[in-house]
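Biologist: I'm new to this one, so could you take me through a single part of it up close? I'd like to hear how a pair of packed helices fits together, with a little context around it.

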Amino acid sequence: MTSERRRLAHLDDLRTLLVAWVIGGHALLGYSAVGGWAFHEVRDVGYPPGVETVLVAILGPSGLFVIGLFFFVAGLFVAPAVARHGKVGYLRDRTLRLGLPWLLSAVLVWPASVWVAYRAAGRDVSFWWVLTHRHPLLDSGSLWFALVLLLFSVPVVLWGEGFTLRGGYLVVAVVLVALVSFVVRLWWPARSGQVADLHLWQWPQCLGLFVLGVAARRAGWEGHVPDRVRRLCGAATLATLLLLPVLALASGLRDVARDSGPYLGGWHWQALALAAVEAILVVLGSVWLVGLAERRIAWTGPRWTRWSRNAFAAFVIQGPVLMVLASALRPLPAPAWVKAPLVGAMAIVACWWIGGRLPFLAGDRPRARVEPVDHGGTGPAVVLVHGVGGSALDWALLVPELRPHAHVRTVDLHGDVHRSVAALARYLREETGPVTLVGNSMGALIGVEVAARHPELVRALVLLDPALPDAGRIVSSPATALLLALHGVPGLGERLRRRRRDRIGAEATARESLELGGVDPDSLPPDLLAQFVARVATRAETPGTDRAFLGTSRSLARRLARPRRYDAVMSAVSAPVVLVHGARDQLVPVAAARRTARRHPGWRYVELPDAGHLPHLQDPVAVGRIVADLLAGTPAPDGPDADGGGPFGPDRPTDTRETVGP
């Protein structure tokens, strides 16, 4: 965990507790007369009046500010995320992380969950009826929150300007949230439904708290809420919570399900009073709870870290989990006050357990990290970038060939393609200055993107068997297509990879990997082969390694699935480029390299007839000579086929190809 994440761990812990509270609260509301969760439409038992009153007293106040608190915490994380990804990258990431789950929930997962509950209750309805006739249209369950957060993110991020939060601004925020909520509820009363279940009646607090969170980050409140502000907000929040039941009884509220109408909206003093109470709780209560979490919540350890990491996934999948569990318990002859807590407890455990096996939701996307190794040498700076699953070890045979000609560094990249590009560029800018990049496979693709986006950092580029789109190869190999598809399924791919490695052992796994790259393991120095085996064994004992590897592989596949974009990025590279490819590459066919060389006639193309996907391990002398000649500004050495002949057929480039023999 980085120092920044340790400093803000209390916010992750707070979100985790809130998600557990929301899941448990939805389980309880499913059996209430008040409603608030879809299962109440088909509930088999309900609470007695006394239990209902206690439930409203416990859950009611939290329902006024929990969602706003989520938006406040989300706002606290906007600035660093935008700084890492840029505005466009941030919005793209939010669209995938928030918009895609909402869409899947609205059109498939949530309607299917409601349909299951309806069928279990004996209602003869179809999935299509639930999707098209149940109100509101495009209901997504709890994921309306994700859609609204995505919609708010666009103007807040693109606007860019803002203010720094001060304690006195909170009073203004309370007044604004109260008044705007009252006005909005003249048209859309609380708990009303709109298309996509947008909760328009709750937008004033959601948007207000999101903007306050962004402003609080500028003031540094994510790490420390000023003590005086925290104490005053806490006193006001607790006083409001204590007075709330007294005010409710004094206003004549006895049965919430029956008497709540005037409080939900319209020209009623009760609606204005509720909006004011809600504003106090959501604005001041959110600030107080963040400050309280900073002082009181500091849980550590691998188990709690997993719970915190999986909180978003648990939130996303709570809908179907709750509906299935509640439906499964229908035959249980027990009162609602027994069933509801049982469903809640089971759902909390199930959501986190299932969420932990959905890495694309659990926040386990590889984080970019650069681990450089300086190998010394004399001459211009050269940085070597490995491919998927590789490391600095991959360059062990090439480094000695380059040291007489260059100052050589290798980098271990940890993270997906997008983040690795940003991390490598940051490393070059801060540590090395302009360099010659030498990349293999995914490392070559990363080198291309760095050179295109940051031309001032790259003097020249050597691409060793770069990852290139080649859909024809996959289509022509059904077995490979099936294997890749299975490994592409989050959770399943990790399990398949782990089981195979456990079955054949570290040495066989290392040999298999090298052979796939075209390397004869027995041709390597014995001590180097032993290091490859040790690398496999070490990674096997490191939690999350398979998940990180496949996450990176999936990010690479997404890049390659957009060949036109990739080619445009290649065309944007202004530095000199040498494309080196092994004619016997089993992973990226040589035909793909030849087509790429034809499309970029300004590049030098060198083909190694006897090499596969890892030419720097198979023929480090030839690769070293190519890089050294590039550094010296001279052409790569002529080979036996440099005159244009050779047995490579009509798919070869016409004037850029050179072949280097053994």
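Modeller: Here is a walk through one helix pair, with a second pair and one serine alongside.

A word on the ground rules: this is a predicted model, so local features need pLDDT of at least 70, side-chain atom pairs count only at pLDDT 80 or more, and totals for chains, interfaces and linings use all residues. Residues are numbered from 1 along each chain as its sequence is written, and side-chain values use heavy atoms, with hydrogens and water left out.

The protein has 27 helices and 8 strands; these are DSSP runs numbered from the N terminus, with helices being H or I of at least four residues and strands E of at least two. Of its 662 residues, 51% are buried, where buried means under 20% relative accessible area, exposed over 50% and partly exposed in between, using a 1.4 Å probe and protein chains only.

Now the close look. Two packed helices are described by the angle between their axes and the distance between the axes. Helix 2 (residues 9-29) packs on helix 15 (residues 336-355) at about 140°, with the axes 8 Å apart. (Axes are lines fitted to C-alpha atoms, for helices over the stretch in contact, and angles run from 0 to 180 degrees between N-to-C directions.) That angle makes helix 2 oblique to helix 15: under 35 degrees counts as roughly parallel, over 145 as roughly antiparallel, 65 to 115 as roughly perpendicular and the rest as oblique.

Who touches whom? On the helix 2 side, the residues in contact include Thr16, Ile23 and Leu28, and they meet a helix 15 set that includes Pro341, Ile348 and Trp352. Contact here means heavy atoms within 4.5 Å. By class, the contact of helix 2 with helix 15 has 12 nonpolar, 3 polar and no charged residues. (Ala, Val, Leu, Ile, Met, Phe, Trp, Tyr, Cys and Pro count as nonpolar, Asp, Glu, Lys and Arg as charged, and the others, Gly among them, as polar.)

For a second pair, take helix 7 (residues 169-184) and helix 8 (residues 203-218): their axes come within 9 Å and cross at roughly 155°. That makes helix 7 roughly antiparallel to helix 8. Val177 and Ser181 of helix 7 are among the residues making the contact, as are Gln205 and Leu212 of helix 8.

Last, the serine: Ser327 is in helix 14 (residues 311-328), and counts as buried because its relative accessibility is 9%. Leaving aside neighbours within four places in sequence, Ser327 is in contact with Phe39, Val116, Ala117 and Ala120.
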